[in-house]
Amino acid sequence: MQLLAVGLNHTTAPVSLREQLALAPDQIGTAVQSARGWFARQGSVGGEEAAILSTCNRTELYAATRLPDPLDASAQFLAHYHALNYAELRPHLYLLPQDDAVRHAFRVASGLDSMVLGEPQILGQMKDAVRTADAAGGLGTYLHQMFQRTFAVAKEVRTTTEIGAHSVSMAAAAVRLAHRIFDRIADQHVLFIGAGEMIELCAAHFAAQNPKSVTIANRTMERGEALAARYNGRAIRLADLPDNLQQFDIVISCTASTLPLIGKGLVERAVKARRHRPMFMVDLAVPRDIEPEVARLDDVFLYTVDDLAQVVQTGMESRQAAVRQAEAIIETRVQSFMHWVGDRAVVPVIRDLHESGEALRQAELERARKMLARGDDAEAVLEALSKGLTAKFLHGPQQALHQAQGDDRARLATLLPQLFRGRR
């Protein structure tokens, strides 16, 4: 079975490409099933396993398959499933086989491959992806074991190193960016679009700055009101956004919408109504919630997730010191897992050896019973039994040695004495 990880992230592809591969949570199960079907159509003999991780910073396919060239097949699947030109997509993909795939999964879950080194959100996102893959029938023996070890490694890294010290998150970075525009966030009105985990984190960080007001715009009022209530804010319907956008100085958006929610025309009208007072906007969604053209407007400061990478340096020094320790832990755990994979590969061989040995034993035992039944001396029967077993066990290796030639014979001549060197 071949293990692999194929995908792209914030270091290999711009947000404009990442958003084309991004999958909403309710789309991942179908994609997992499609990946397994794709492997089957490429000629795999069965037992395909697949899981897909999709966040604002990455889309990755993890798989276990018996295809002879699974990496290329997986890359082709991503292009086919998202209706993208493979030649254009391929330069942005990383194709990782076997232990490289396992190492990558361990590093991702531990926060070593994140835009913000050591950020904790990715572990929860990966756990959600694995649960979804399992529900879709994508997990088998190999991926189940790999992800269980992945989560254990991530926990070990976070508890034994300082990789998560001096936490720097996207939410904290957004606050620092806002301070570049406004001296005091306490004097500003803040709007959050969406009510998911990322918006919850941003709301918590901005609320700590005591803004003049906090408003949540969401498709469903119930969830928006629940989040707004935590910060003495109010909730509005997403549909009411066009009539209210001009009220807000700071706008943070992160929804699962597949199309932009805020267009250039809407922002132009809001800026005009604000008499050109500056508006700070952060689009944390992939695909983007705010049309990129908005960044061209005067008095509007629009940032995407990629822009935040430039302002997440605080606290990085202490985390870098923990990276070497974390990498050492990961390397040890990778070797342990690959040893398990190797053991799995020889299980059928060991089973066949046991079955063959048992058949030989039963045959010789039956012959010994017949000898005893006709009255042969017990000592002679035992002697015949032992010689018969020895001869049959050695017949195969001796025949292989006689038939082998050249280097193969030399290797067998070295190996066979080790295999049949029993304890005395």
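How accessible is Arg90: buried, partly exposed or exposed? The sections below take up that residue, and then some strands, helices and loops of this predicted model.

## Arg90 and its surroundings

With a relative accessible area of 32%, Arg90 is partly exposed, because buried means under 20% and exposed means over 50%. Arg90 sits in the loop that runs between helix H4 (86–89) and strand E4.

If you would like a distance to check, try Arg90 and Gln76: they are 14 residues apart along the chain, and their C-alpha atoms are separated by 8.5 Å.

## Strand E4 and its partner

Strand E4 covers residues 94–97, and its side chains alternate. On one face you will find Tyr94 and Leu96, which are buried. Leu95 and Pro97 point to the other face and are not buried. This fits the general pattern: in a regular strand, side chains alternate between the two faces of the sheet.

E4 pairs with strand E1 (residues 2–9) in the antiparallel sense, over four bridges. Within E4, Tyr94 stands opposite Gly7.

## Helices H8 and H9

Now for a helix pair. Helix H8 (residues 170–181) packs against helix H9 (residues 197–207) at an angle of about 45°, and their axes are 8 Å apart. The two helices are therefore oblique to each other, and their crossing is right-handed.

On the H8 side, the contact is made by Met170, Ala171, Ala172, Ala174, Val175 and Ala178. H9 contributes Met198, Leu201, Cys202, His205 and Phe206. Sorted by character, the residues of this contact comprise 10 nonpolar, one polar and no charged. The polar one is His205, because His is not listed among the nonpolar or charged types.

## Backbone details in the loops

Two residues other than glycine are worth a look on a Ramachandran plot. Asn232 has a positive phi, near 55°, and lies in the loop between helix H10 (221–230) and strand E7 (234–237). Asn232 is exposed, with a relative accessible area of 76%. Asp299 also has a positive phi, near 70°; at 28% relative accessibility, Asp299 counts as partly exposed.

Asp299 belongs to the loop between E9 and E10. Pro287 is found in the loop between strand E9 (279–283) and strand E10 (300–304) as well. A cis peptide bond joins Val286 and Pro287, with omega at about 0°.

Definitions and conventions:
Residues numbered from 1 in each chain as written. Predicted model: local features only at pLDDT ≥ 70, side-chain atom pairs only at ≥ 80, totals over all residues. Heavy atoms only, no water. Axes fitted to C-alpha atoms, helices over the stretch in contact; angles between N-to-C directions. Parallel < 35°, antiparallel > 145°, perpendicular 65-115°, else oblique. Left-handed = near helix turned anticlockwise from the far one by under 90°. Contact = heavy atoms within 4.5 Å. Buried < 20%, exposed > 50% of the residue type's maximum accessible area, 1.4 Å probe, protein only. Pairing = 2+ DSSP bridges.
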